[in-house]
Amino acid sequence: MSLLGPVQIRAFANRLGVRPTKALGQNFVHDAGTVRRIVRDAGVEAGDLVLEVGPGFGSLTLALLEVAAFVSAVEIDPVLARELPATVRANMPEACDRFAVVERDAMLVSAEDLAVPSSYDARPAGEDHSNGANKPFSPTHLVANLPYNVAVPVILTLLETLPSLRSVTVMVQLEVADRLAAEPGSRTYGIPSVKANWYADVRRGAKISRHVFWPVPNVDSALVHLERHEDNPYPDDLRELTFAIVDAAFAQRRKTLRAALGAWAGSPGQAEEILRAAGVDPSLRGERLGISDFVAIAMAARA
């Protein structure tokens, strides 16, 4: 099976008139070993349903199709979205009926928007298919090379929007990967770390050289893995309130929680009252708290 290399990537760009833009965070991976490593580290197996965001010219797409049962891709660039099916046909024709792409912003996509490969039908055997009802597509894995400028909101949005996702493996800027996987008390721990832990267990993966991309970015990248909690212990109806508290706590991260949450609670005194009810020391800073602590604060505030 043929994967894309740097010569093909540049040829595609020249033919299509594509000039990578910083606005879309376009840095295209062109190394076959790297994309196969991403697929392997993501734990994608035969039978898995995979969502890819930002497939670009299709380097990672083809590597996913070597293994996965189906790949549904979301691409915001209309030129690239239109070209991708032709790339699959030319390089992996046997996989055409296991791939589909939709032109859309991943931040706005819903489960109903996902493109469905033509041969895919998840309805139980024997069910009446004559009514033309939409075929459900519930991806189990999100695997992607995400633009640096939207990586965190895309991950959090899709984990919220697509409850079928069991795991997320994405290649992001090294600094972003470190922030997502940071532990409480570390220098890089912050809002992305806390919010990601609402949904999943997070760990940093392998570092990826900047030289596997075209154009070469000014930073190195890394993989980050998120395994969704099998039974999320946090009440869904507390998420919005918890995230608001996290935002307030880190807006002035050098301040104590009593001070940082003062505006959110109405006054520092009220913030202290809520913190003590939650069993949290008001003199701590937000960077010392884990997601369970922030949930406890939200529960105390709502009581």
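## Helix α1 and its buried face

In helix α1, which spans residues 6-16, the buried residues are Ile9, Phe12 and Ala13. Viewed down the axis of α1, these buried residues fall within an arc of 95°, so they line one face of the helix. The structure described here is a predicted model, and the statements that follow should be read in that light.

The buried residues of α1 pack against several elements, namely β1 (28-29), α3, α4 (78-91) and β8 (213-214). On the face of α1 turned away from the buried side, the exposed residues Val7 and Asn14 are found. Just after the helix, Gly17 adopts a positive phi of about 70°.

## Strand β2 and its neighbours

Strand β2 covers residues 49-53, and because 5 of its 5 residues are buried, the strand is largely enclosed by the rest of the structure. Burial applies to both faces of β2, with Leu49, Leu51 and Val53 on one side and Val50 and Glu52 on the other; the acidic residue Glu52 is thus listed among the buried positions together with Val50.

Two pairings involve this strand. With strand β3 (residues 70-75), β2 pairs in the parallel sense over 5 bridges, and within this pairing Leu49 stands opposite Phe70 of β3. The chain passes from β2 to β3 by way of helix α3 (residues 59-65), and the resulting β-α-β crossover is right-handed. With strand β5 (residues 141-145), β2 also pairs in the parallel sense, here over 2 bridges, and Val50 stands opposite His141 of β5.

## An exposed loop residue

Glu183 is located in the loop between α6 (174-180) and α7 (191-199). Its relative accessibility is 54%, and since exposed means over 50%, Glu183 counts as exposed. Although Glu183 and Val202 are 19 residues apart in sequence, their C-alpha atoms are 9.7 Å apart in space.

## Confidence of the model

For the protein, the mean pLDDT is 90, and 92% of the residues reach 70 or more. Residues 124-134 call for separate mention, as pLDDT stays under 50 over this stretch, for which the model has 5 contacts beyond four places in sequence.

Note on methods
Residues numbered from 1 in each chain as written. Predicted model: local features only at pLDDT ≥ 70, side-chain atom pairs only at ≥ 80, totals over all residues. Heavy atoms only, no water. Buried < 20%, exposed > 50% of the residue type's maximum accessible area, 1.4 Å probe, protein only. Helix = DSSP H or I, 4+ residues; strand = E, 2+ residues; numbered from the N terminus. Pairing = 2+ DSSP bridges. Right-handed = clockwise from strand over helix to strand, strands pointing away. pLDDT = per-residue confidence, 0-100. Contact = heavy atoms within 4.5 Å. Arc of directions from axis to C-beta.
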